[in-house]
Structure formats: C-alpha cells, structure tokens
Amino acid sequence: MKNPFKAFSFQVTFFTSFILISALLILLLGITSYYITNQEMVDQTIASRKLLLSEINKQLDQQLQSVEYDSLVLASNPKLIGYLQYGEDSFERIQQKSEMIDLLSRLSYVKEGVHSVQLYAKDTTLNSRIAANGIFEYSILEKSSWYNEIKDADYGWIGTHPVEVDGYPADERMVVSFARKVLSPSGKEVGILVINLKMPFMQKLVTGSAGDVSRFIVDSHNRLVVEHYGGVKKTGSYDSMKNEISDILEKAVIGADTFATARLQDKDLMIWSRQDRTRWITMDIIPWEDIIKGSRRIEKVIVLAAVFCILLAVVMAYFLSRQFALPIRKLIHAMKLMKIGKWDVQIANDYENEFGHLNEHFNQMTQRIDQLMLEVDEQNRRKREAEIQILQEQINPHFIYNTLDMMNWHAIESGARELSHMLSLLGKMLRIGLSSGATFIPVRRELEHLRYYTELQKIRFHQRVEFILSAPESMMVYYTPKLIIQPFVENALLHGLHSKEKGWIKITGWEDDSSLYFGVEDNGVGMDMNEVHGREHSGIRNVHERIQLYFGEGYGVHLHSELERGTKVTISLPKMKSEPSHPREGKPNGQSCHH
C-alpha cells in the first residue's frame with residue numbers, strides 16, 4: 001500500500017492526521033478517566049464497607065459476649081445445678097420447678113433481643129414452660145438439626161433455625177441460639193442451656209446502613225448465622241452461593257484479603273470482615289451494576305465532552321490545514337508558471353515564519369535563474385562565435401593539408417629534400433589540428449603538435465631560436481582542448497623574438513592534485529602590461545575565452561611580461577582522463593574536473 005503522506009494532498013493528510021490523533025488522544029483520555037473514576041469508586045466503596053462491617057462486628061461481638069456471659073451465669077448457678085441433680089419425682093425438684101422456670105424466663109424479659117431461654121435436662125421427661133421459656137426433655141434437643149454442632153463442644157453458637165417449641169407464627173419462630181452445657185460439680189453433663197435470640201434483633205444489628213446490598217453472617221465453618229436482603233433482592237440466596245463464597249474465603253489470606261470480585265449470580269463485589277473472637281464473618285455482596293451506577297453518569301459526561309472536543313478538533317483541523325495549505329498552493333502555482341517559462345514570477349510575501357523564508361528564497365531563486373538564463377544565453381552566443389571561428393580556421397588548414405600533400409610528392413620527385421621535410425611537418429601539424437573534428441585531445445598529441453611546429457620554425461629561423469620542451473610522463477594521459485599552446489609560441493616568435501638575432505622559448509608542463517599547468521616563457525623584448533590587451537594576439541584571446549567557456553573562471557591564461565626581460569604565460573586546466581561529452585560551462589572556481 002502506498003504511503004498516504006505521499007499519495008494525498010497536504011491539506012487532506014494534515015486534516016485527517018489531526019482528526020485521527022485528536023480522536024485517539026480524546027478517546028484515550030476518556031477511557032483512562034472512566035477507568036480511574038470507576039476504580040476510585042470501587043476503592044471508596046470497599047473502604048467504606050470495610051469500616052462499616054468492622055463497626056457492625058464490634059456491636060455484634062458486644063451483644064454475643066453479653067449473651068455468652070449471661071449463659072455462663074445461668075449455667076453456673078448453684079440452684080440450677082442442684083435442681084438438675086435431684087430426681088424428677090423428688091420433693092425438692094417439684095418445689096423448685098416454678099422458681100427455675102422464673103429464673104430462666106427473667107432473662108427474656110430483661111434483655112431486648114432474647115427470644116427465650118430453654119434448659120434441656122438429662123433426666124426430665126416432662127416439659128415445664130412459660131411460652132418458650134422453660135425446662136424440656138433432652139430428647140427434643142437430640143432430634144434437632146443442630147444437635148451435632150453442640151454435642152461434642154462445651155458451648156457454641158447455632159445459626160438461623162426454627163425454635164424447637166411449637167405455637168409460634170412462622171415469622172417469629174426463626175432464632176439464633178447460643179448453647180452451653182450445664183455440668184455437675186463432678187464434671188458430668190446434666191443438661192444444655194440454650195439462649196435464643198430474636199431474628200429481628202439480629203437483623204437489626206447487621207442491617208445498619210446495609211442499603212440495597214445483601215448481607216450475611218456466617219460462622220467459622222461458613223454456615224449461615226444471619227442473612228439480610230435490602231430493598232429489591234438482586235442477589236441469590238446464601239444456599240445458592242455457598243460453594244462459591246466458601247471457595248473465595250478459603251483462598252483468602254487471613255488478615256489481608258477482605259474483598260473479592262466474583263461472579264456469584266451476576267458480577268458482584270464481595271466484601272467481608274472477620275471477628276477476632278468468634279471468627280464469624282460479616283459480608284456484604286453488592287451487585288456490580290450498583291457500584292458503577294455513578295460511573296455511568298460520569299461516562300455520559302465523558303462521552304458528551306469527547307464528542308464536543310472532536311467537533312472542535314474538526315473545526316480547528318480544517319482551519320489549520322487550510323492556513324497551512326494556502327501558502328503551499330501559492331508556491332506550487334508559481335512553480336507551474338516557472339515550468340511554462342515565466343522565470344520572472346514572484347510571490348507576494350507577508351509571512352514572517354518558515355513560509356516567509358520559503359517565499360523569499362523562491363523569489364530570490366527566480367531572480368537568480370532569470371539572471372543565469374541571460375548569462376547562459378550570452379555564454380552560448382560567445383561559444384557559438386568561437387566554434388564558428390575554430391571551424392573557419394579548420395576549413396582552411398584542411399584545404400591546405402591536401403594541397404601540401406600534393407606539393408610534398410612533387411618536392412620528393414624534384415629532389416628538394418628540405419622542402420619535402422618542411423611540407424611533411426606542416427602536414428602532420430595540420431592532421432593533429434584537424435583531429436577528425438574533436439575538440440579535446442590527449443596532452444601527448446598536443447605536445448606532439450607543438451614539436452612539429454617548433455621543428456618547422458627552427459628550419460624557418462635557421463636554428464637561431466632554441467626551443468626547450470619538457471613535461472612529466474604522468475601528464476600525457478589527460479585531455480586538453482586542442483591547439484592551446486601553439487598560439488603562445490607563435491606570439492613569442494612574432495612579437496618577442498622578431499628583432500633579436502638569437503633567443504629561446506621554454507615550454508614546460510606540471511601538475512597538482514586537481515589541475516594541469518603549461519608555461520610558455522621567452523627572453524624576448526617583453527611588453528608593457530598596461531598595453532597587453534592592445535598587443536595581444538587574437539589567437540591568445542581565443543584560447544583564454546575557450547578555457548573559461550569550458551571550465552569556468554577558475555581556469556584560463558595568466559600573462560606576465562617585463563620590457564627587455566621577456567614574457568611568461570601560464571595556462572591552467574582541470575585534470576580530465578577522458579574526453580568530456582559536453583564541455584562544462586561556467587564551472588565555479590576551485591571545482592575539479594578530475595575523472
């Protein structure tokens with residue numbers, strides 16, 4: 001898939017990217033806020049419920065401790081113990097029965113939460129009672145569902161169960177009981193004392209601030225003691241959840257884990273507190289929906305805020321993308337005008353930022369391009385003129401070469417050896433000068449042409465001019481524009497040594513890392529540097545212009561002359577190991593053409 005940043009316009013890409021990034025950040029912020037808020041509400045619920053359950057446990061423990069103390073007082077009452085040691089038909093038991101029943105009943109009258117007090121005697125076959133208070137036969141207790149819980153213990157609490165005495169409405173029969181064995185002085189069990197607590201009283205103790213939650217109290221064996229369902233019953237009964245609750249409590253670390261998230265009926269939060277003395281557990285089971293009810297309102301607010309922020313982001317993205325795209329469009333339009341040849345196009349620039357720099361540089365670039373186009377046109381004109389002049393100079397030597405060749409054969413046939421040699425040298429010169437129309441030739445060929453020329457001039461001047469030619473072999477592999485040295489040698493002969501009987505001309509070559517150099521020096525009459533341009537040969541000027549047209553102002557011809565001391569010319573060229581396909585025009589100073 002193609003990169004969208006390369007396929008779509010800047011405005012579309014900026015607008016879409018801004019919207020996507022803004023939406024992502026807003027969504028991330030909303031989800032994070034909702035999660036943190038929801039977690040905070042759960043943490044607050046857990047903390048407040050733990051505190052509440054701890055207080056309920058304290059109150060419950062006080063009541064249970066009071067019942068246990070009352071049972072201990074009754075079970076250790078000497079009269080009660082003595083009563084149980086008499087035979088059922090003895091005068092003492094019959095005489096004390098009413099007093100014992102009154103003793104047992106007194107607690108239910110004094111204590112608000114006591115439903116009844118029952119004494120199950122070992123050797124009693126008759127039941128004597130006032131309401132549910134009284135003395136009952138032991139077999140009734142043995143038939144109860146909770147007898148096994150107390151059979152092997154001295155005392156213990158029994159969870160919610162129906163009272164063993166008939167005659168109570170169904171809603172008043174449910175009690176929570178505390179049973180304690182009554183022992184004789186010898187340690188023998190003579191009965192069991194049971195104090196029954198009213199269910200409304202127990203529920204009142206555990207209902208405080210329960211609200212709509214389900215609250216259970218279970219003993220150390222996870223057996224239900226009291227249960228309460230506040231408001232609409234949203235959770236199942238304890239029996240339906242007993243196994244799951246038992247598993248959670250067994251896995252909990254004692255003293256550390258006091259809450260858990262569980263799927264009992266639906267998803268519920270279970271919080272509990274364990275009593276230190278009885279090891280009973282008071283727990284609240286809160287439906288998860290009730291906990292996050294407040295979060296739902298926050299969620300709506302967050303959604304509305306997110307929608308508003310996204311709409312605002314859309315407006316801002318459109319405005320910003322338009323503002324960013326406008327100067328770019330202007331720049332593109334100006335470039336299209338340049339494409340069709342309007343080099344003088346300018347952009348109205350009132351920006352002071354990066355767009356201002358772009359527009360300013362573009363305007364400067366178009367001005368520079370326009371100027372360079374004019375310079376290139378002028379250079380091309382001058383180059384064409386030079387090429388035409390070179391072509392004209394080549395046409396004449398070509399005709400002369402053919403003529404000289406014919407003359408050379410006639411001279412050989414006539415026995416004019418010196419003339420034939422001169423014609424041969426001239427022909428070789430012209431052959432190199434033509435070079436099949438090539439503009440660049442190797443340095444070796446250029447120096448070879450120069451040697452033919454100097455040898456010819458020696459014959460002409462009858463050896464009164466000495467030519468010294470030296471150049472390192474390493475220079476021979478490079479290319480140079482042809483016929484750039486000979487005009488300077490010719491100029492030295494015509495102007496420097498024409499009035500002298502003897503003289504010398506030294507041609508040297510040297511190089512550095514990036515350039516080639518040729519020097520032409522004579523010991524002629526020299527010239528005044530102020531009049532150099534007036535006396536300069538047209539061929540010399542032509543060489544200088546050709547070099548600068550090809551390679552730029554960094555290269556060319558340097559002339560130095562002193563009257564009566566001679567003249568020295570230095571030619572500088574870039575190193576080229578192959579003939580360039582196109583001359584390099586206007587090359588900046590210092591750049592190398594070394595291939």
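**Exercise 1. Classify R49 as buried or exposed, then place its salt-bridge partner D284.**

Solution. Step 1: R49 has a relative accessible area of 15%. The cut-off for buried is under 20%, so R49 counts as buried. This value, like the others here, comes from a predicted model.

Step 2: R49 forms a salt bridge with D284, and the closest N and O atoms of the pair are 3.2 Å apart. Because R49 belongs to helix 2 (residues 10-75) and D284 to strand 11 (residues 281-287), the bridge ties together parts that are 235 residues apart in sequence.

Step 3: D284 is buried too, with a relative accessible area of 0%.

Step 4: The pair is part of a network of salt bridges that links R49, R215 and D284.

**Exercise 2. Find where the salt-bridge partners K204 and E112 lie, and state whether they are buried or exposed.**

Solution. Step 1: A side-chain salt bridge joins K204 to E112, at 3.9 Å from N to O. The cut-off is within 4 Å, so the pair is counted.

Step 2: K204 sits in helix 8, while E112 is in the loop between helix 4 (91-110) and strand 1 (114-121). The two residues are 92 residues apart, and the pair links distant parts of the chain.

Step 3: Both K204 and E112 are exposed.

**Exercise 3. Describe the salt bridge between R445 and E448 and its place in the chain.**

Solution. Step 1: The closest N and O atoms of R445 and E448 are 3.5 Å apart.

Step 2: Helix 14 (residues 443-460) holds both residues, which are 3 residues apart, about one turn of the helix.

Step 3: R445 has 32% relative accessibility and counts as partly exposed.

Step 4: The count for the model comes to 13 salt bridges.

**Exercise 4. Give the strand order of the sheet that contains strand 4 and strand 5, and identify its edges.**

Solution. Step 1: The sheet is open and has 6 strands, in the order 2-3-1-6-5-4, with mixed pairing.

Step 2: The edges are strand 2 (128-130) and strand 4 (155-162). Each has a single partner strand, so one side of each is left without a neighbour in the sheet.

Step 3: On average, neighbouring strands of this sheet are turned by 25° against each other, direction ignored.

Step 4: Strand 4 runs antiparallel to strand 5 (residues 174-183), and 6 bridges join the two. Within this pairing, Y155 has R180 in strand 5 as its bridge partner.

Step 5: Helix 8 (residues 199-207) lies across strand 4, strand 5 and strand 6 (189-198), at about 60° to strand 6.

**Exercise 5. Compare the UniProt record with the model for residues 12-36 and 301-320.**

Solution. Step 1: In an unreviewed entry, UniProt places the feature "transmembrane region" at residues 12-36 and 301-320.

Step 2: In the model, residues 12-36 are 100% helix and 0% strand, and the end C-alpha atoms lie 36 Å apart.

Step 3: Residues 301-320 are likewise 100% helix and 0% strand, with the end C-alpha atoms 28 Å apart.

**Exercise 6. Characterise the surroundings of T480.**

Solution. Step 1: T480 lies in strand 14 (residues 479-481).

Step 2: The relative accessible area of T480 is 0%, and T480 is buried.

Step 3: With neighbours within four places in sequence left aside, T480 is in contact with T439, F440, I441, P442, V443, E446 and L573.

Terms used. Residues numbered from 1 in each chain as written. Predicted model: local features only at pLDDT ≥ 70, side-chain atom pairs only at ≥ 80, totals over all residues. Heavy atoms only, no water. Pairing = 2+ DSSP bridges. Helix = DSSP H or I, 4+ residues; strand = E, 2+ residues; numbered from the N terminus. Axes fitted to C-alpha atoms, helices over the stretch in contact; angles between N-to-C directions. Contact = heavy atoms within 4.5 Å. UniProt positions renumbered as here; feature names shortened; annotations may be inferred. Buried < 20%, exposed > 50% of the residue type's maximum accessible area, 1.4 Å probe, protein only.
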